[in-house]
Amino acid sequence: MNDRPVLPDAEALALRAVHRAAAELRRGTPVLLRGAPDAPADWLAVAAAETVGATGLAELAALSGAPPVLLLAPARAAAVAQPSPRPQAAAPEEAVALRLPARLLAPEALRSLADPTAERLLPDGPRPERLPPPPLAAAAIALAKLGRLLPALVALPLAPAAEPPRHHLLEVEATAVLAYPASAATTLRKVAEAVVPLEAAADARIVAFRAADGGIEHLAILIGQPEAATGAAPLVRMHSECFTGDLLGSLRCDCGPQLQGAIRRMAAEGAGVLLYLAQEGRGIGLVNKLRAYALQDSGLDTLDANRALGWGADERSFLVAATMLQQLGIERVRLLTNNPQKLAALTACGIAVEGRVAHAYPPNGVNDDYLATKARRFGHLLA
């Protein structure tokens, strides 16, 4: 009998390292990105511009390397950097590097460069100059997003060396950062289940799922016995959590009515699954969603506000939903949605979508422009 303990496999170790690195950035602590095994000489020390303080900047300064640069998502860089026309045929940029003069290498200035809602604090002077982005820049931006931080980082490229640099920072491989969303989604497993009668569905259960990184849980609300359906495919809704709409009843969106309406619809049918996904604000997190609201109040629509913060129009991963359905034994669904992208995404992840069930609610006088933007710019079917 072998009594040796079972050690974590390579995938679990990689997930653990990425999760820890994102947490370090949130604390204002720099981390060290290293190249893939086929490019081991690439090293990039990074700290989140939003959270780094004097101590973190001093830790970066203690490393020997090229002068620090500011890494920004392209949409944010367009607002703060010197203009730099690019050929129309050029490939899309993943990250933009800006020269950091001494006047901007301070916590307050860095936060102003990162956050469009704080631009009034940016020191006077010429706009930063663009530079070629260093190796691993795209992974640095991705790591900030995994931490639900603004995609803006102080980056210190380290000189290529045969031996790893001497330091005390947490190391994480860039390829693990880029692979993290898919890896975390496919390691989701059921960790708890309980009967939770709801006002609109007395026979409801909640099943919690957690990934191997130990991060935040996703939930499935099961009404009736959808996993045992033998006739028509069960009704399923992928619902991204919305603290303001689901819990507070915010009028800025239609999330609250969609959540409660989906539960009522499933109860009326006798069965259904509502996947409650921890992807607030289309995957940008609650804090950034509030920042986006502030930008919307200044005239931007939902999509442009997200981009102004450096995020994509929709950062969600629906592989999470597909994995949850597979864990529940549900391979075919009727999808309760107005978003055609959800149909395509779930199908691409191996779930048979046998039909779409409309799920639109009328505007309330506050969210009229929001709903119009969903239809016009996101392609939602609200008619």
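In this predicted model, the largest pocket encloses about 1100 Å³ of space. Its lining is made of 40 residues, and those closest to the centre of the pocket are Lys145, Leu146, Gly147, Arg148 and Tyr180. Four helices each supply at least two residues of this lining, namely H1 (10-26), H5 (137-146), H6 (174-186) and H9 (280-283), and H6 gives the most, with six residues. Sorted by class, the lining of the largest pocket holds 21 nonpolar, nine polar and ten charged residues.

The second largest pocket holds about 230 Å³ of space. Of the 13 residues that line the second largest pocket, Arg252, Gln296, Val366, Asp369 and Tyr370 are the closest to its centre. Helices H10 (286-297) and H14 (368-377) each contribute at least two residues to the lining of the second largest pocket, and the largest share, four residues, comes from H14.

Besides these open spaces, the structure contains one cavity of 30 Å³ or more. This largest cavity has a volume of about 410 Å³, and among its 30 lining residues the closest to the centre are Cys255, Gly281, Arg282, Arg316 and Tyr370. Strand E11 (235-240) and the helices H8, H9, H10, H11 (302-308) and H14 each provide at least two residues of the cavity lining. Tyr370 is thus named for two spaces, being listed among the residues closest to the centre of the second largest pocket and among those closest to the centre of the largest cavity. Helix H9 likewise supplies at least two residues to the lining of the largest pocket and at least two to that of the largest cavity.

The volumes and the class make-up of the three linings are set out below.

| Space | Volume | Nonpolar residues | Polar residues | Charged residues |
|---|---|---|---|---|
| Largest pocket | about 1100 Å³ | 21 | nine | ten |
| Second largest pocket | about 230 Å³ | four | four | five |
| Largest cavity | about 410 Å³ | eight | twelve | ten |

On the surface, Phe243, Leu247, Leu248, Leu286 and Leu290 make a nonpolar patch of about 480 Å². Helix H7 (243-247) and helix H10 each supply at least two residues of this patch, whereas Leu248 lies in the loop between H7 and helix H8 (255-269). Leu248 counts as exposed because its relative accessible area is 56%, and the cut-off for that class is over 50%. Helix H10 therefore takes part in several of these features, with at least two residues in the nonpolar patch, in the lining of the second largest pocket and in the lining of the largest cavity, as set by the assignment of helices from DSSP runs.

Key. Residues numbered from 1 in each chain as written. Predicted model: local features only at pLDDT ≥ 70, side-chain atom pairs only at ≥ 80, totals over all residues. Heavy atoms only, no water. 1 Å grid on protein atoms, 1.4 Å probe; cavity = no way out; pocket = protein on both sides within 12 Å on 5 of 7 lines; lining within 4 Å. Points joined across faces, edges and corners; volume = space filled by probe spheres on them. Nonpolar A, V, L, I, M, F, W, Y, C, P; charged D, E, K, R; others polar. Patch = residues over 30% accessible without salt bridge, like charges linked within 9 Å, V, L, I, M, F, W, Y side chains within 5 Å. Areas by Shrake-Rupley, 256 points an atom, 1.4 Å probe, with all protein chains shown as cover. Salt bridge = Lys/Arg side-chain N within 4 Å of Asp/Glu carboxyl O. Buried < 20%, exposed > 50% of the residue type's maximum accessible area, 1.4 Å probe, protein only.
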